[in-house]
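Here is a short note on the model shown below, set out as numbered points. It begins with the charged pairs and then turns to the fold, a helix and the surface.

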Amino acid sequence: MIKVAVTGNIGSGKSEFINFISKLGFYYISSDVIISNLYKDIITRSIILQKLDLNEKNYKQEILNKIHNEVFNRQLKKVIYPLLFSKKKRLSQKHKTHQPIFYEVPLLYEENLSRDYNVTVFIKADINKRRQRVLNRGVSKNYFTLMNSKQINENIKKNKSTFTLDNNG
């Protein structure tokens, strides 16, 4: 199975790239979509929140408030990542006849996951363009700054990736 990782910093256009290749008939698996769906499932969300000792009512804001804390951040990953990886594995097996399979992996290099893929595509965009795209989604500047700070430098990603696509359009 050929596995292609698509990565890039927040607002770079990973989802747009994934949407484009899906229209060409390629199969993809999105980490962001999987995680979003984990929280949409009432039972799964309840288990996650219980393990993280978070309130159901305002858990999103609590996560954002606590994500600066490295202990909480590690705990969050410890709870979410096994669920994410399990779902990705099931989806990969279900669609293994599709060649290649594209994986949207925002934290590919930050979490040292590149060895799991045959090819890596880095979507690169100017920081001002990325910030504007995120703000246009209705997200705060503080959120952009926080998420951007959790990601490594774009030049490092560019040097590590098989291909780089500039997306300043």
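1. Lys124, Arg130 and Glu154 are joined in a network of salt bridges, a salt bridge being a side-chain nitrogen of Lys or Arg within 4 Å of a carboxyl oxygen of Asp or Glu. Over the whole structure, the search finds 6 salt bridges. The model is a predicted one, in which local features need pLDDT of at least 70 and side-chain atom pairs count only at pLDDT 80 or more, while totals for chains, interfaces and linings use all residues. Residues are numbered from 1 along each chain as its sequence is written, and side-chain values use heavy atoms, with hydrogens and water left out.

2. Arginine 45 forms a salt bridge with glutamate 56, and their closest N and O atoms are 2.6 Å apart. This pair links distant parts of the chain, with arginine 45 in helix α3 and glutamate 56 in the loop between α3 and α4, 11 residues apart; helices (H or I, at least four residues) and strands (E, at least two) are DSSP runs, numbered from the N terminus. Arginine 45 is buried at a relative accessible area of 15%, whereas glutamate 56 is partly exposed at 38%, where buried means under 20% relative accessible area, exposed over 50% and partly exposed in between (1.4 Å probe, protein chains only).

3. Two further salt bridges involve helix α5. Lysine 150 meets glutamate 70 at 3.7 Å, N to O, and this pair links distant parts of the chain, since lysine 150 is in the loop between α7 (141-149) and α8 (154-160) and glutamate 70 is in helix α5, 80 residues apart. Lysine 77 forms a salt bridge with glutamate 111, the closest N and O atoms being 2.6 Å apart. Because lysine 77 lies in helix α5 and glutamate 111 in the loop between β3 and β4 (119-124), the pair ties together parts that are 34 residues apart in sequence. Lysine 77 is partly exposed at 26% relative accessibility, and glutamate 111 is partly exposed at 21%.

4. As for the overall fold, the protein chain has 8 helices and 5 strands, and along the sequence they follow the pattern β-α-β-α-α-α-α-β-β-α-α-α-β. The radius of gyration of the chain, taken over C-alpha atoms, is 16 Å, which agrees with the value near 15 Å for a compact globule of 169 residues, the globule rule being 2.2 Å times the number of residues to the power 0.38. Buried residues make up 41% of the 169 residues. Of the contacts (heavy atoms within 4.5 Å) with a separation of 6 or more, 77% are between residues 24 or more positions apart.

5. Which residues of helix α2 (residues 31-40) are buried? They are Ser31, Ile34, Leu38 and Tyr39, and they lie on the same side of α2 because they cover an arc of only 135° around the axis, the arc being that of the directions from the helix axis to the C-beta atoms. Among the elements that cover these buried residues are β2, α4 (59-66) and β3 (101-104).

6. At the surface, Phe20, Leu24 and Phe26 make a nonpolar patch of about 310 Å². Patches are made of residues with over 30% relative accessible area and no salt bridge, with like charges joined within 9 Å and nonpolar side chains (Val, Leu, Ile, Met, Phe, Trp, Tyr) within 5 Å; accessible areas come from the Shrake-Rupley method with a 1.4 Å probe, and for residues only the protein chains shown count as cover. Phenylalanine 26 is in the loop between α1 (14-23) and β2 (27-30) and is partly exposed, with a relative accessible area of 32%.
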